[in-house]
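Let's take a walk through a protein together, starting with its overall layout and ending with a single residue. Keep the picture open while you read.

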Amino acid sequence: MNQTTDTRSRKKVSWRAAMVTAPSVPPVYGIAVEVAEHNLIILADKEVKVGTSCHVYLDIPGTQVNKKNYVDFTGNISCTSLMGQVSMFRHIVQIKEINTIQRENLLKALKST
């Protein structure tokens, strides 16, 4: 299995997400529902085309109650499908570039869920 279809390493989460496809275009907001070290699934009410490179922001749970904790990285949309029952788009995002500190924060958040 490849990283796109291997669901064993993904953890079920419910984190707010934003995908920015270009600086002049408003972000596409959604919810990250499954996250792993190299890929994630985001549900959103707008479509982002397959092959699009975007900057992704995830609102991850933090250790301090009142402090927001974000992870950001560059990713590629590898698959997009419309889920008819909920009228939302399911985007599979492959993580392309993420700095070391952001990756550590992501892995820490995944361990705590």
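What follows goes from the overall plan to the sheet, the core and one buried residue.

## The overall plan

First things first: what you're looking at is a predicted model. The protein has 1 helix and 6 strands. If you trace the chain along its sequence, you'll meet them in the pattern β-β-β-β-β-β-α.

How much of the protein is buried? Of its 113 residues, 37% are. The accessible surface adds up to about 6900 Å², and carbon and sulfur atoms account for 53% of that. There's also plenty of linking between distant parts of the sequence: take the contacts between residues at least 6 apart, and 53% of them join residues at least 24 apart.

## A barrel and its helix

Now for the strands. In which order do the 6 strands close into a barrel? Going around, you pass β1-β2-β3-β6-β5-β4, with antiparallel pairing. On average, neighbouring strands of this sheet are turned by 45° against each other, if you ignore direction.

The helix α1 packs on the sheet, where it touches β1, β2, β4, β5 and β6. Its direction makes about 70° with that of β5. Zoom in on β4 and β5 and you'll find an antiparallel pair with 8 bridges. One spot to look for is His55, which stands opposite Thr74 in β5.

## Inside the core

The largest nonpolar core holds 24 residues. Which of them touch the most other members? They are Trp15, Met19, Ala32, Leu40, Leu58 and Leu106. Seven names are worth finding in the picture, since these elements each give two or more residues to this core: β1 (11-20), β2 (28-35), β3 (39-44), β4 (53-60), β5 (69-83), β6 (88-97) and α1 (100-112).

Met19 is a good one to click on. Setting aside its neighbours within four places in sequence, Met19 is in contact with Pro27, Val28, Ile42, Ala44, Val48, Cys54, His55, Val56, Ile77, His91 and Val93. Yes, His55 from the strand tour turns up again among these contacts.

## One buried residue

Let's finish with Asn39, which sits in strand β3. Is Asn39 buried or exposed? Its relative accessibility is 3%, so Asn39 counts as buried, because the cut-off for buried is under 20%.

Asn39 has a polar partner too: its side chain makes a polar contact with the side chain of Arg10, at 2.9 Å.

Definitions and conventions. Residues numbered from 1 in each chain as written. Predicted model: local features only at pLDDT ≥ 70, side-chain atom pairs only at ≥ 80, totals over all residues. Heavy atoms only, no water. Core = buried A, V, L, I, M, F, W, Y, C linked by side-chain atoms within 4.5 Å. Buried < 20%, exposed > 50% of the residue type's maximum accessible area, 1.4 Å probe, protein only. Helix = DSSP H or I, 4+ residues; strand = E, 2+ residues; numbered from the N terminus. Contact = heavy atoms within 4.5 Å. Pairing = 2+ DSSP bridges. Axes fitted to C-alpha atoms, helices over the stretch in contact; angles between N-to-C directions. Areas by Shrake-Rupley, 256 points an atom, 1.4 Å probe, with all protein chains shown as cover. Polar contact = N/O pair within 3.5 Å; in protein donor to acceptor, adjacent residues only side chain to side chain.
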